[in-house]
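Colleague: I would like to learn how to read a model of this kind feature by feature. Could you take me through it, giving the general idea before the particular case?

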Amino acid sequence: AFPGSGVLERLDAGEVVIGDGGFVFALEKRGYVKAGPWTPEAAAEHPEAVRQLHREFLRAGANVMQTFTFYASDDKLENRGNKLSFTGAQINEAACDLAREVANEGDALVAGGVSQTPSYLSCKSETDVKAIFKKQLDVFVKKNVDFLIAEYFEHVEEAVWAVEVLKQTGKPVAACLCVGPEGDMHGVSPGECAVRLVKAGAQIVGVNCHFDPMTCVEAVKMMKEGVEKAGLKAHYMVQPLAYHTPDCSCQGFIDLPEFPFGLEPRILTRWDMHKYAREAYNVGIRFIGGCCGFEPYHIRAVAEELAPERGFLPAASEKHGNWGAGLEMHTKPWVRARARRDYWENLRPASGRPQCASMSVPDGWGVTKGHADLMQQTEATTQDQLKQLFDRSKSH
């Protein structure tokens, strides 16, 4: 990209833009994020950890550094007894500074992100929900991020509200729903969702999280068809999970009994990521990244698969031979024999787990916005509330 070119200029020129990976999951595994609230106070508490992860994704080929601001709205930071010593503004400001510092070390853009709010689930008004986005947005404007992403929205209505707020800045706006081919939690199809988002002012639309790469690509393909059928124009993005989710229903991986601490058997290999990157490219998606479960080596695989289109390999490929070529140097002859593309491309990895079930039975309780179970609270969940949930789980 020529210096100073923004995300829309790059996409308009037909360039591939590679996103980074899922910071909350990666940092939870490293000991800096608490699973449950999934809030990003590490940006202020442990900036060195966040900075290092940005650097690894940049080295792996990402040219978007997304601010580590997932769920950094005040209503989420104060939800269910989650007491923090930092305000949302402090966390968001620190996250912007870290993303910019690392983006400047390479040819990368900074994206400020807002996500769905507990207030929406609790049926607060459009005015209340928009005020929460506006508060986060003030920091992004002050820190002059390159573009904005509304991501991780289960309901297109709330995503439209977010886009309407974000577009007031005049910065490019991308909007991602965490939905699969079945559409949003109220059954609005991916195509219709995308049309609404484009009409609200999003220039880039797509999906992130909740489903595996191929499912997400399928959903974005449906979005693209809907937008084109409506005679509208947009760019498309996809940032899926790094987990196989063939057994998921419309709520995605949150319903899986393994969520969030037993998902490792489902992780995609780097070779699975080659297939994903090619499939996404072939359906016309040009902003290709990752969400929960993605580690830097997964993004490197995306960058390696698309190296012919991009014209270069990422820095991290210095330590990675094409299709396992580095194994030519291995001491054992049977491992040297694996230094070839057809071996890795055709491998069907075993789970290695005795008595492992091939599929899970998702929990899907079938509740969404407005249901009593989803009313959010500031105080900690009580033992009595937990007991009711445990009892319900047993009956499922």
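Modeller: Let us begin with how a helix packs, bearing in mind throughout that this is a predicted model. The buried residues of helix H8 pack against helices H5 (74–77), H6 (88–103), H7 (118–121) and H9 (156–166), and also against strands E3 (109–115) and E4 (147–153).

Colleague: Which residues of H8 are the buried ones?

Modeller: They are Val 129, Lys 130, Ile 132, Phe 133, Gln 136, Leu 137, Val 139 and Phe 140.

Colleague: How does the distance between the end C-alpha atoms of H8 agree with its expected span?

Modeller: Helix H8 covers residues 126–142, and because each residue should add 1.5 Å, its 17 residues are expected to span 24 Å, which agrees with the 24 Å that separates its end C-alpha atoms. Following H8 comes Asn 144, which has a positive phi, near 55°.

Colleague: Lys 130 stands out to me in that list of buried residues. Which salt bridges does Lys 130 form with Glu 126 and Glu 164?

Modeller: The general idea is that side chains of opposite charge can pair when their charged atoms come close. In this structure, the side chain of Lys 130 meets that of Glu 126 in a salt bridge with an N to O distance of 2.9 Å. The two residues are four apart in helix H8, so about one helical turn separates them. Lys 130 also meets the side chain of Glu 164 in a salt bridge, here at 2.7 Å from N to O. That second pair links distant parts of the chain, since Glu 164 belongs to helix H9 and Lys 130 to helix H8, 34 residues apart. As for their surroundings, Glu 164 is partly exposed, with a relative accessible area of 27%, and Glu 126 is likewise partly exposed, at 34%.

Colleague: How many salt bridges does the structure hold?

Modeller: There are 22 salt bridges. One of them joins Arg 59 to Glu 318, with the closest N and O atoms 4.0 Å apart. Arg 59 sits in helix H4 (residues 47–60), whereas Glu 318 sits in the loop between helix H14 (307–310) and helix H15 (333–336), so this pair ties together parts that are 259 residues apart in sequence. Arg 59 counts as partly exposed at 35% relative accessibility, while Glu 318 is exposed, with a relative accessible area of 63%.

Colleague: Turning to the sheet, in what order do the strands lie, and is the pairing parallel or antiparallel?

Modeller: In general, strands of a sheet pair through backbone hydrogen bonds, either parallel or antiparallel. Here eight strands form an open sheet in the order E1-E8-E7-E6-E5-E4-E3-E2, and the pairing is parallel. Its edge strands, each pairing on one side only, are E1 (17–18) and E2 (64–66). Strand E1 is joined to strand E8 (residues 287–288) by two bridges, and the bridge partner of Val 17 in E8 is Phe 287.

Colleague: What should I look for in the nonpolar core, and which residues have the most contacts inside it?

Modeller: In soluble globular proteins, nonpolar side chains tend to be buried together. The largest nonpolar core in this model has 103 residues, and those with the most contacts inside it are Phe 68, Leu 177, Leu 197, Val 238, Phe 253, Tyr 276 and Ile 285. Leaving aside neighbours within four places in sequence, Phe 68 is in contact with nine residues' worth of partners listed as Phe 23, Val 24, Leu 27, Val 33, Pro 40, Ala 42, Ala 43, Val 50 and Ala 95. A second, separate core of 14 residues includes Val 7, Ala 174, Met 237 and Phe 287.

Colleague: Where does the UniProt record place the feature "binding site"?

Modeller: The UniProt entry, which is unreviewed, places that feature at Cys 209, Cys 291 and Cys 292. These positions span 84 residues in sequence, yet no two of their C-alpha atoms are more than 6.4 Å apart, so they gather at one spot. Cys 291 lies in the loop between E8 and helix H13 (296–305) and is buried, with a relative accessible area of 11%. Cys 292 is found in the loop between E8 and H13 and is buried, at 8%. Beyond four places in sequence, the contacts of Cys 292 include Cys 209, Pro 240 and Phe 253, and those of Cys 291 include Gly 21, Asn 208 and Cys 209.

Definitions and conventions:
Residues numbered from 1 in each chain as written. Predicted model: local features only at pLDDT ≥ 70, side-chain atom pairs only at ≥ 80, totals over all residues. Heavy atoms only, no water. Expected span 1.5 Å × (residues − 1). Buried < 20%, exposed > 50% of the residue type's maximum accessible area, 1.4 Å probe, protein only. Contact = heavy atoms within 4.5 Å. Pairing = 2+ DSSP bridges. Core = buried A, V, L, I, M, F, W, Y, C linked by side-chain atoms within 4.5 Å. UniProt positions renumbered as here; feature names shortened; annotations may be inferred.
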